[in-house]
Amino acid sequence: MEANPRSIGRLPAAFLTPGSSSFMDFLAAHSPEMLPANRKLPEGIVEAPHGTTIVAATFPGGVVLAGDRRATMGNMIAQRDIEKVFPADEYSAVGIAGTAGLAVEMVKLFQLELEHFEKVEGATLSLEGKANRLSTMIRSNLGMAMQGLAVVPLFAGWDEGKEKGRIFSYDVTGGRSEEHGYAATGSGSIFARGSLKKLYREDLTEQQATTLVVQALYDAADDDSATGGPDMARRIFPIVTVITDEGFRRLSEAESSELARSVTERRLEQPDGPRAALL
C-alpha cells in the first residue's frame, strides 16, 4: 500500500491544530509518557544530585535572581559549576533548587509552555499567569517529590501591568506565595534569608541589589556545606540575572567575577560581612 503523498514529511493534523493553549495539556493528550511525572521510578528513595541555593531581591525598576553553582549528592559534591538560573521568557526567570535533573527538565518544559501559549493565543501570559502555570507543573511532580525528588524553584519577573519586579516562591505541592522585597530557597535559604533580611532596603539601586544577592549567597555558603561560594581558583562565580522593563539580562562572566571578587576581598576584612544599623 502506497503512502499518501500529502502525509509524507508532515505531522498528524492533531499536532498542527492543537486544541489547548497549554503545552502540558497537549503533551498529556498525545504523548503522556514524555511528561516527567508519568515516568516510572524504582521503589524507595532515589539518590540524585541536588542543587541549592537561589536568592532574589527587588529594586525600583526590576528584580534580581541569582544562584550558586554547586550540586551535591549526599555528602559529596556532584558538580561545581551547575547552572541554576534560566530565562523563562523575555521578562521572567526561574531559579531551581532540589533535584537537579528534574528541575532542569521542568524549566525546559515551562519555557515551551510559555512559548506555546504565545504562539496559540497571539499574546503573552501575565506574570500572574506564568506563576500559576509553574505552580501546576510543580504539583504534577508531587509523586516524585514523595520519593525524594522534589523541585522547589523561585520565579521572578517584570510585571508590565504593575510596572515592577515581583518574586514568587513555591512548596513541593505547588503552593504559590508572592514574596515582597526578597526571597530564598534551597538548603542554604535560611542563612541567605537572614542576610537579605538585615541588608535589604526598598531604595536599592540595580548595582546594590546585585551586590546584595551575592552577599546573601556568600553567607549561605559560609554556613551550608551544600551551597558553593565563589571559587576563585576555578573561576566559578554565582549566576546573577536582572529583569527590568527592558527584559531579561544575565551578568557577563566579567561582571559576575568582579562582583564576587569585590565581596570576597571585603570579607577578608570583615569575615561575617557588612553590618546593618541597629536602629
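Guide: A residue counts as buried when its relative accessible area is under 20%. Keep that cut-off in mind as we look at this predicted model.

Visitor: Happy to! What share of the residues of the chain count as buried?

Guide: The chain holds 8 helices and 14 strands. Taking its 279 residues together, the share that count as buried is 48%.

Visitor: And among contacts with a separation of 6 or more, what percentage comes from residues 24 or more positions apart?

Guide: Contact here stands for heavy atoms within 4.5 Å. Among the contacts in the chain with a separation of 6 or more, the part owed to residues 24 or more positions apart is 64%.

Visitor: Let's turn to the open sheet of 5 strands. Which are its edge strands?

Guide: Good place to start. The order in this open sheet is β6-β7-β9-β10-β11, with antiparallel pairing. An edge strand pairs on one side only, and that description fits β6 (85-89) and β11 (176-179).

Visitor: By how many degrees are neighbouring strands of this sheet turned against each other on average?

Guide: The sheet in question is the open one of 5 strands. With direction ignored, the average turn between its neighbouring strands is 25 degrees.

Visitor: Which residue in β7 stands opposite V85?

Guide: β6 and β7, the latter spanning residues 92-95, are joined in the antiparallel sense over 4 bridges. Across from V85, on β7, stands G95.

Visitor: Which helix packs on the sheet, touching β6, β7 and β9?

Guide: Its direction makes about 20 degrees with that of β6. Many of its residues are buried, among them L102, M106, F110 and F117. The helix, covering residues 100-121, is α3.

Visitor: How far apart are the end C-alpha atoms of α3, and why does that agree with its 22 residues?

Guide: At 1.5 Å a residue, the 22 residues should span 32 Å. The expected span agrees with the distance in the model, because the end C-alpha atoms of α3 are apart by 31 Å.

Visitor: What is the phi of the residue that follows α3?

Guide: The residue after the helix is G122. Its phi is positive, near 75 degrees.

Visitor: Now to β4 and β5. Which residue in their hairpin takes a positive phi near 70 degrees?

Guide: Strand β4 (residues 71-73) runs antiparallel to β5, and 3 bridges join the two. One bridge pairs M73 with M76. The hairpin has 2 residues between the strands, and the positive phi belongs to G74.

Visitor: Is I77 buried, partly exposed or exposed?

Guide: I77 sits in β5, residues 76-79. Outside its neighbours within four places in sequence, I77 is in contact with R70, A71 and T72. Buried would require under 20% and exposed over 50%. The relative accessible area of I77 is 35%, so I77 is partly exposed.

Visitor: Into which of these classes does G194 fall, buried, partly exposed or exposed?

Guide: G194 belongs to helix α6. Its C-alpha atom is separated from that of A184, 10 residues apart along the chain, by 9.5 Å. With a relative accessible area of 33%, G194 is therefore partly exposed.

Visitor: Last one: which element gives the most to the lining of the largest pocket?

Guide: That pocket has a volume of about 250 Å³. Its lining includes K198, Y200, Q208 and R275. The elements giving two or more residues are α6 (189-199) and α7 (206-223). With 4 residues, the element that gives the most is α7.

Conventions
Residues are numbered from 1 along each chain as its sequence is written. This is a predicted model: local features need pLDDT of at least 70, side-chain atom pairs count only at pLDDT 80 or more; totals for chains, interfaces and linings use all residues. Side-chain values use heavy atoms; hydrogens and water are left out. Two strands pair if DSSP finds at least two bridges between them. Axes are lines fitted to C-alpha atoms, for helices over the stretch in contact, and angles run from 0 to 180 degrees between N-to-C directions. The expected span of a helix is 1.5 Å times one less than its number of residues. Buried means under 20% relative accessible area, exposed over 50%, partly exposed in between (1.4 Å probe, protein chains only). On a 1 Å grid over the protein atoms alone, a cavity is a set of points where a 1.4 Å probe fits but cannot get out, and a pocket is an open set with protein on both sides within 12 Å along at least five of seven lines; lining residues have an atom within 4 Å of a point. Grid points are joined across faces, edges and corners, and a volume is the space filled by probe spheres set on the points.
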